[in-house]
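Biologist: Please take me closely through the surroundings of the ligand. I should like the contacts, the cover and the composition of the shell in one account.

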Amino acid sequence: MSQSIYPVSAEWRDRAYVNAAQYADMYARSISDPDSFWRDQAQRIDWMTPFTAVKQTSFDAGDFGIKWFADGGLNIAANCLDRHLAERGDVPAILWAGDDPSESRTITYRELYEEVCRFANLLKGQGVRKGDRVTIYMPMIPEAAMAMLACARIGAIHSVVFGGFSPDSLAGRITDCDSTIVITADEGLRGGKKIPLKANVDEALQQCTCVGRVIVVKRTGGAVDMTQGRDHWYHELRDAASADCPAEAVGAEDPLFILYTSGSTGKPKGVLHTTGGYLVWAAMTHHYVFDYRPGDIYWCAADIGWVTGHSYIVYGPLANGATTVMFEGVPNYPDFSRFWQVVDQFKVSTFYAAPTALRALMREGDAWVEKTSRASLRILGSVGEPINPEAWEWYHRVVGDGRCPIMDTWWQTETGGHMITPLPGAIDQKPGSATKPFFGVLPQIVDADGKVLEGACEGNLVIADSWPGQMRTVWGDHERFFQTYFTTYPGKYFTGDGCRRDEDGYYWITGRVDDVINVSGHRMGTAEIESALVAHAKVAEAAVVGMPHDIKGQGIYAYVTLNANEEGDEALRKELVQWVRHEIGPIATPDVIQFAPALPKTRSGKIMRRILRKIAEDAVDQLGDTSTLADPSVVDNLVANRQKVVA
Ligand code: 6R9
């Protein structure tokens, strides 16, 4: 563990919105008097109907409920667009960098406003009404953000599904929330490769009866099948739509979006975020954590298919009137300089990315970075997984030329925005630590029995009270929401993460403590991969665990037991890898498949994952007690046949 400290520089201390003393004051007030603190903070957004109630929340079984600003009314698209027109109409809202470096687009606030109005009218014309669910399965093109904002403008609920998910995964997400319409593109383009989005939608819709309309944006011009009556070209409808569309006033607690995320059991959960609290949270964290100033060029290199793209490409920055960069491509195409070339091209001041991308670039050597200027960079950010101190130091020294503070932001799909994070003018950074809680966040570390630990300690991370950006329910399953997050440690929100707190009160996230793994910053349930494997005709049983991986953070290690008379050879291994990619999507590609005659089980039939994890880590001297296994000899076979991979 690195012991180095990177103190806030004098320059940052003096120029930032918040210095150390102000952080301490504001934090204390946010906890001791949340109503008055949040009443003030909520003024950063425009309300159509002012709220009177602020915080109405309880995590307890008896009166469980989460409401913020509940009697207020607002519209998110109006907050992200209309209110900026007078002062910033001609300022770029979106700077888009295509997969091919020769392609780029600039969309001003006025242009974005008009496009969103047209898009909203177009959706209305297709019968979309307030509260309807709209699935968005799009590449990283401005129309994806326009589609989200168009939904928000009319009070429809969007569900963005990452373009890398398979037709099956897409179908499950469409059906779960009963979407009536899907917005997609002909094809996506990433790293020079085409992704058949429309064809995937066609395949998915064979399983879904709820969808009556598909809107197709032309991106590549590749050939697609258009189903008469169901499928419509976006550009045709758009040209016919009016650019005048009043923003619908919605309640603060009306749903804004659903975003599916993996948990430790069952199928992915539809995380539901509502309107008022979410927008306050997204806008406020973007403002303070990135010390956002008018004129900054801000780039979050996530995909809009993940929560980071929702809160920090679209809603947070646009609510603040920022110029947000949208990047279609990948870090290594056409070469390993691409990120830094885009930084120079747009004079990016704030750059926010996932450690996995940084580690992949780091191993290609410094020359790719050094041949670019990056003089415009002021702040760097990290999100999605723990950043190892080595990658942190490289990011700081090589990418930021030692000049830029690094905001290592810990948060989750469920939290809506940043929860534990440095602030550039207030909190000294320690490489590898997400540092301290943001305003209004009350983290605690508990032991297995739920006892709250004090001082320097290690245990499970919970949040003891509500914050405005918190998810409100699991779509269609409020009981599952309560069960998943509030029963492990009654009265507290359980994050699923392990955490250490050091003697300076800094938080160090140690990774998931449940059966969720984090592969290249993508969150996946081991149960999902297992059920995909078991769906193969030759597979009897499967157990999946995470294993350490130099680039991806965690890799996917699958133990597979075959049906009798099946042989586990190289061909079948390849077939199973392809199978999982097809069932879930390329992000779930297993790194290792080990054929196992049997899995280690307790006498009650529970798979002992602890043992499987240790074998996958190659820590076979730490298997611990295996005497409670039904058949301890199973382990010897697993150990003898363990697979090693090099990243
Ligand atoms: C925003 C996002 C959430 C899980 C979370 C944790 C891990 C995210 C982190 C981090 C250490 C950070 N995580 N940021 N771990 N340091 N700065 O990634 O949401 O996809 O829901 O993943 O990611 O394990 O619980 P999501």
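**The ligand and its shell**

Modeller: A nitrogen atom of the ligand lies 2.8 Å from a polar backbone atom of Thr409, a polar contact being a pair of N or O atoms within 3.5 Å. The model is a predicted one, in which local features need pLDDT of at least 70, side-chain atom pairs count only at pLDDT 80 or more, and totals for chains, interfaces and linings use all residues. Residues are numbered from 1 along each chain as its sequence is written, and side-chain values use heavy atoms, with hydrogens and water left out.

Two side chains also take part: an N or O atom of the Thr413 side chain is 2.6 Å from an oxygen atom of the ligand, and for the side chain of Arg512 the distance from such an atom to a ligand oxygen is 2.9 Å. On its own the ligand has 530 Å² of accessible area, of which the protein covers 96% (Shrake-Rupley method, 1.4 Å probe).

The shell around the ligand holds 17 residues, and Asp408, Thr409, Thr413, Asp497 and Arg523 come nearest; a residue is near if one of its heavy atoms lies within 4 Å. At least two shell residues come from each of α12 (307-319), β20 (406-409) and β26 (507-512), where helices (H or I, at least four residues) and strands (E, at least two) are DSSP runs numbered from the N terminus. By class, the shell has 6 nonpolar, 6 polar and 5 charged residues; Asp, Glu, Lys and Arg count as charged, Ala, Val, Leu, Ile, Met, Phe, Trp, Tyr, Cys and Pro as nonpolar, and the others, Gly among them, as polar.

Definitions and conventions:
A polar contact is a pair of N or O atoms within 3.5 Å; within protein, one must be able to donate a hydrogen and the other to accept it, and residues adjacent in sequence count only if both atoms are side-chain atoms.
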